[in-house]
Amino acid sequence: MNKENTKEEVLKAFNFRCACKEFDPEKKISKEDFDFILETGRLSPSSLGLEPWRFVVLQNKELREKLKPISWGAQGQLPTASHYVILLARNKEEMTYNSEYIDKMMKVTHKIPQDIAELRRNRIEDYQKNDAKMFDTDRGVFDWACKQVYIAMGNMMTSAAMIGIDLCPIEGYNRDEAEKILEDAGILDKSKFGIACMVAFGYRLNEPKRAKTRQSIEEIIQWVN
Ligand SMILES: Cc1cc2nc3c(=O)[nH]c(=O)nc-3n(C[C@H](O)[C@H](O)[C@H](O)COP(=O)(O)O)c2cc1C
């Protein structure tokens, strides 16, 4: 495929993607297609390569029903989505520079020697404390982890749209209550994770009611030459 064709394909996918409010309950995404979407999440970049995510694919009907009353933004999506993903982010304890998780990431996943890992930990400490001032608020470190999770979410949404799969990102829920439901069900370990966001995937039941609205390029781009 040449570059111009690729650009056309990508823009077609971006125009096709819309916030799907209700999916066709009869249409299921194939395992191969859904694995592809998850793989683009897995391959996503993250700050310092720390991958502070876990993707919970919630296929359990009862649990989706339990989430519905506290998810004002997912009323049509929760019962109809072929696949419903809850994106978890690692919490402050997990993502603070001297955590066991960061140590494991450096040693096991990144395969960095001990002395280099030590230097890197110092760099992360300085970054978290002084550059990004993540400890100034209680949510600072968790919010930083959530930002990384949103990158993976963006990539999964784009890759789904590229293969004609519909989706809707979901922030419309009460986080405390959603976490309690998942914790009670033994799905969420709150000592390690919190909910960052959710995404519903499937095939649209109806075409969007309104055409896409966006600001113009001139309104949002500032060139500095
Ligand atoms: C982080 C995020 C959270 C969102 N949460 C919801 C939601 O809870 N329910 C919903 O129906 N749409 C939700 N949306 C969809 C937006 O309303 C939608 O993307 C926006 O209005 C632009 O429309 P479009 O996606 O159809 O182009 C969310 C979008 C984003 C990016």
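**Exercise 1. In this predicted model, find what lies 2.7 Å from a nitrogen atom of the ligand, and then describe the other polar contacts and the shell around the ligand.**

Solution. Begin with glycine 73, where a backbone N or O atom lies 2.7 Å from a nitrogen atom of the ligand. Taking 3.5 Å as the cut-off for a pair of N or O atoms, continue to proline 169, whose polar backbone atom is 3.2 Å from a nitrogen atom of the ligand. Then turn to arginine 214, which has an N or O atom of its side chain 2.9 Å from an oxygen atom of the ligand. On its own the ligand has 620 Å² of accessible area, and the protein covers 64% of this.

Next, widen the view to the 14 residues around the ligand, of which Arg17, Lys21, Gly73, Gly172 and Lys212 come nearest. Strand β3 (residues 166–170) gives the largest share of this shell, three residues, and the shell as a whole divides into six nonpolar, three polar and five charged residues.

**Exercise 2. Describe the volume and the lining of the largest pocket.**

Solution. Start with the volume, which is about 580 Å³. The lining has 18 residues, with Cys18, Ala19, Pro208, Lys209 and Arg210 closest to the centre of the pocket. Sorted by type, the lining holds nine charged, six nonpolar and three polar residues.

**Exercise 3. Work out which elements each supply at least two residues of the lining of the second largest pocket.**

Solution. This pocket has a volume of about 230 Å³, and its lining includes Asn91, Asp138, Arg139 and Phe142. The elements sought are α5 (92–95), α9 (175–184) and β4 (193–202). By type, seven residues of the lining are charged, two are polar and two are nonpolar.

Definitions and conventions:
Residues are numbered from 1 along each chain as its sequence is written. This is a predicted model: local features need pLDDT of at least 70, side-chain atom pairs count only at pLDDT 80 or more; totals for chains, interfaces and linings use all residues. Side-chain values use heavy atoms; hydrogens and water are left out. On a 1 Å grid over the protein atoms alone, a cavity is a set of points where a 1.4 Å probe fits but cannot get out, and a pocket is an open set with protein on both sides within 12 Å along at least five of seven lines; lining residues have an atom within 4 Å of a point. Grid points are joined across faces, edges and corners, and a volume is the space filled by probe spheres set on the points. Ala, Val, Leu, Ile, Met, Phe, Trp, Tyr, Cys and Pro count as nonpolar, Asp, Glu, Lys and Arg as charged, and the others, Gly among them, as polar. Helices (H or I, at least four residues) and strands (E, at least two) are DSSP runs, numbered from the N terminus. A residue is near a molecule or strand if one of its heavy atoms lies within 4 Å of it. A polar contact is a pair of N or O atoms within 3.5 Å; within protein, one must be able to donate a hydrogen and the other to accept it, and residues adjacent in sequence count only if both atoms are side-chain atoms. Accessible areas come from the Shrake-Rupley method with a 1.4 Å probe; for residues, only the protein chains shown count as cover.
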